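Subject: Handing over a structure, with notes

Dear colleague,

I am passing a structure on to you, and the notes that follow are meant for someone who opens it without any background. Please have it on screen while you read.

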Amino acid sequence: MATMPPSDPEVVKHEANPVHEELSDEKTAPLSTVPKPESIASMTDEELRQLEVSMVRKLDFVIMPIMGILYILNYVDRSALAAAKVYGIMGDLNMSTNDFATAISILFVGYLPFQIPSNLIMTRIPRPGLYICSAAAIWGTVSATTAAAQSYSGLLAIRVFLGVTEAVFFPGVLYFLSAWYTKTELGKRVAALFMFQMLGSAFGGFVAAACLTLDGRYGIAGWRWLFIVEGVVTVGCGILFAMVMPEYPHNARLLKPIERDFAVWRLEMEAGAGEAHEDTSTWQGFKLAMTDFKIWTLVWCGMLGQAMGTIVNFFPSIVSTLGYNSTETLLLTAPPYVLAAIVFYIISYISDRKTTMYPIIMSCLAVAVLAYVIALSTLNTGARYFAMMLMPSVCSGPQIMLYKTLHLHMARPFPKRAAGVAMINAIGGLSNVWGSYLYYSPPHYYAAFGRKPH
């Protein structure tokens, strides 16, 4: 199981008249008017800090590993098709290069439209943890059925349903975490999700290489084994985690009564209303998000960021241009993702310590330009793999800062926050549809990397 980066739980200092530099742009009650619950009313500031450290550590040991493992499985299931391409799915299903691009992009036909409704539903159900874990079991089942595809049209139908079932997860998890962690704590946890994503991609390369050695066993092709194994594991984990996943702070069995009171109170101290005491309706929250130009700005930035991130959908194909065999190609996809996980921790640490995001985004974009130029200009194996080592880090890093921006500046009301997260991921994710058709003309991939061929 992937391990979390060393934790130094952030502590919110509760003073008689606390001052918050970053406030939600919604109208909230003055912080001084939020009374302490009776269970913690007599506790000193030092006792509250100790309680907070203990509680956050408990959350990190339970919530983050569960979400991290599910995110690894989510990404492994979604990106398995890219690995299957290396091992013959195109030949078995009589697919052309354009057909394969359609199979990649059509997942988003189901994935994008259902994210906003799913997050709005999540704001009105008492057990969001069960909702997320149940969705994992369902998408694992759908992913496993890919092994039964006998035609290109059958593959497309399965990919659409896979997108629908996976739509619950990523925006839902971002909303779920923001219901537990304060704004100062959330940055590292969002970065941790992206770290798990990269580790999932790296781990997926090893799993794919292992599963594909089963090629021909019981008359089943290696790429079919890949979907069977990954789907079954996802279903098992979804069912298991549904039994232990906590819900909202105010009704979590994970916490003691005093911890539940404190968990709700500290969020109210920060933003004026916790999930237990929010009276903004789902529809009102959606309208607030739809009419906020700041959210639409983030949506536009998210679209550009996810356009860069489409390299992940084709990364095995990009690495295959180095000329190695199928197994070596899948193994070579792992190191860039491991490096990305390390980079994500570093940039999130810097962002939290320096309270900055824009310089990090611009730095990632500058390095991305370098990686693209190298990939476009040379066939040297060492230079090209150096560029490939950089791509996952710098193409996905800015997205961490975008989600952090939303949670930092628009924390409440929570239905608006939930809709905003889904809008960034759903509308911004439209770039995954057209971006899938840019990966042709290897090894340089001129259209995808930004230059027309001579």
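Which residue meets the side chain of R189 in a salt bridge? Before the reply, please keep in mind that this is a predicted model. The partner is D60, and the bridge between the side chains of R189 and D60 spans 2.7 Å from N to O. Since R189 belongs to helix α9 and D60 to helix α1, the pair ties together parts that are 129 residues apart in sequence. Both ends are buried by the cut-off of under 20% relative accessible area: R189 has a relative accessibility of 4%, and D60 has one of 9%.

The other salt bridges

The count for the model comes to 7 salt bridges, and a few of them may help you to find your way around. One is formed by the side chains of R49 and E46, at 3.3 Å from N to O; these two residues are 3 apart in helix α1, which runs over residues 45-86, so that about one helical turn separates them. R49 counts as partly exposed because its relative accessibility is 28%, and E46, at 41%, is likewise classed as partly exposed. Another salt bridge joins the side chains of K294 and D292, with 3.2 Å between N and O. In this pair K294 is partly exposed, at 31% relative accessibility, whereas D292, at 6%, counts as buried. You will also find E52, E185 and R266 linked in a network of salt bridges.

How helix α9 packs

Helix α9, which covers residues 183-211, packs with helix α8, residues 169-178, at an angle of about 155°, and the two axes lie 10 Å apart. Because an angle over 145 degrees counts as roughly antiparallel, α8 is described as roughly antiparallel to α9. The crossing in which α8 passes α9 is right-handed. On the α8 side the contact is made by F170, V173, L174, L177 and S178, and on the α9 side by L186, R189, V190, L193 and F194. By class, the residues of this contact of α8 with α9 comprise 8 nonpolar, 1 polar and 1 charged. R189, which takes part in this contact, is the residue that meets D60 in the salt bridge described at the start.

Helix α9 also meets helix α10, which is made of residues 222-242; their axes come within 8 Å and cross at roughly 125°. With that angle, α9 and α10 are therefore oblique to each other, and their crossing is right-handed. Here V207, A208 and C211 of α9 meet G222, W225, L226, V229 and E230 of α10. The residues of the contact of α9 with α10 divide into 6 nonpolar, 1 polar and 1 charged.

A buried serine

One further residue may be worth a look, namely S143, which is found in helix α6, residues 128-144. Is S143 buried or exposed? With a relative accessibility of 0%, S143 counts as buried. When its neighbours within four places in sequence are left aside, S143 is in contact with D77, L162 and F227. Of these partners, F227 falls within the residue range of helix α10, and D77 within that of helix α1.

With best wishes

Methods
Residues are numbered from 1 along each chain as its sequence is written. This is a predicted model: local features need pLDDT of at least 70, side-chain atom pairs count only at pLDDT 80 or more; totals for chains, interfaces and linings use all residues. Side-chain values use heavy atoms; hydrogens and water are left out. Axes are lines fitted to C-alpha atoms, for helices over the stretch in contact, and angles run from 0 to 180 degrees between N-to-C directions. Helices (H or I, at least four residues) and strands (E, at least two) are DSSP runs, numbered from the N terminus. Angles under 35 degrees count as roughly parallel, over 145 as roughly antiparallel, 65 to 115 as roughly perpendicular and the rest as oblique. A crossing is left-handed if the near helix is turned anticlockwise from the far one by less than a right angle, and right-handed if clockwise. Contact means heavy atoms within 4.5 Å. Ala, Val, Leu, Ile, Met, Phe, Trp, Tyr, Cys and Pro count as nonpolar, Asp, Glu, Lys and Arg as charged, and the others, Gly among them, as polar. Buried means under 20% relative accessible area, exposed over 50%, partly exposed in between (1.4 Å probe, protein chains only). A salt bridge is a side-chain nitrogen of Lys or Arg within 4 Å of a carboxyl oxygen of Asp or Glu.
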